[in-house]
Amino acid sequence: MSRITSLVGDITKIEADAIVNAANSSLLGGGGVYGAIHRAAGQELVQECRLLHGCKTGQAKITSGYRLPARHVIHTVGPVWRGGDEGEPDLLASCYETSLRLAAEYSCKTVAFPAISTGIYGYPADLAAGTAIKAIRSALGDLPGIESVMLVAFDEQAHAHLVKALKRKED
Ligand code: ADP
């Protein structure tokens, strides 16, 4: 069975060793998936985030999951879409890769991602799905400890982009 699967759901409900948060570079404040994760995790999550002193675009930092079913939250900062010629694909790929490497360092076997950058940051969902899957496949090549990566779409349309990208052969 493939190590990468997609589903429609709410990432705050996923029982994984780590769920990934699409944060901004301060790691403090935001709507979308950030707001949902912080509401579900409780106040202690933002307290730990304050100690991290932010995060650069394309990088990732890890905290505990507190009241979430997930053991850890990996906070990554996706690129804002500016038309695609400002390094957005490489930065988005780096979010997935650095998040998975961090998950492996913390012995996580199961990791769930939302569609990073495809909300407020405006990254086209079809392009983001292709880049995400290519980056995950490449990173998993040398991360044998990661058994399962779940791509959590928030709606059917986002899910359809993931399914299409997963069917595409590795390019
Ligand atoms: P960004 O600023 O990186 O674009 P957003 O939080 O605005 O981050 O959106 C990222 C993606 O997460 C969007 O596709 C949005 O629909 C989705 N999303 C929002 N809430 C949830 C949730 N609870 N579970 C999974 N995905 C979610």
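**A chat about the ligand site and the strands**

Student: Hi! Before we dig in, what kind of model is this?

Tutor: Hi! This is a predicted model, so let's keep that in mind as we go.

Student: Sure. Which residues come nearest to the ligand?

Tutor: Val 33, Ser 117, Thr 118, Gly 119 and Ile 120 do, out of 14 residues around the ligand.

Student: And what does the backbone of Ser 117 do there?

Tutor: A polar backbone atom of Ser 117 is 2.9 Å from an oxygen atom of the ligand. Ile 120 also takes part through its backbone, with an N or O atom 2.8 Å from a ligand oxygen. Then there is Tyr 121, where a polar backbone atom lies 3.0 Å from an oxygen atom of the ligand.

Student: Nice. How much of the ligand's accessible area does the protein cover?

Tutor: On its own the ligand has 570 Å² of accessible area, and the protein covers 89% of that.

Student: Which pocket is the ligand in?

Tutor: The largest pocket is the space that the ligand takes.

Student: What about the shell, how many of its residues are nonpolar, polar or charged?

Tutor: Eight are nonpolar, five are polar and one is charged.

Student: Which element gives the most to that shell?

Tutor: That would be helix 1, residues 32-41, with three residues.

Student: New topic: strands. Which way does strand 2 run relative to strand 5, parallel or antiparallel?

Tutor: Parallel: strand 2 (residues 18-23) and strand 5 (residues 110-113) are joined by two bridges. Ala 18 stands opposite Val 111 of strand 5.

Student: Where else does Val 111 have a bridge partner?

Tutor: In strand 6, where its partner is Val 149. Strand 6 covers residues 148-153 and pairs with strand 5 in the parallel sense, over four bridges.

Student: Great, thanks!

Note on methods. Residues numbered from 1 in each chain as written. Predicted model: local features only at pLDDT ≥ 70, side-chain atom pairs only at ≥ 80, totals over all residues. Heavy atoms only, no water. Near = heavy atom within 4 Å. Polar contact = N/O pair within 3.5 Å; in protein donor to acceptor, adjacent residues only side chain to side chain. Areas by Shrake-Rupley, 256 points an atom, 1.4 Å probe, with all protein chains shown as cover. 1 Å grid on protein atoms, 1.4 Å probe; cavity = no way out; pocket = protein on both sides within 12 Å on 5 of 7 lines; lining within 4 Å. Sits in = over half its atoms within 2 Å of the grid points. Nonpolar A, V, L, I, M, F, W, Y, C, P; charged D, E, K, R; others polar. Pairing = 2+ DSSP bridges.
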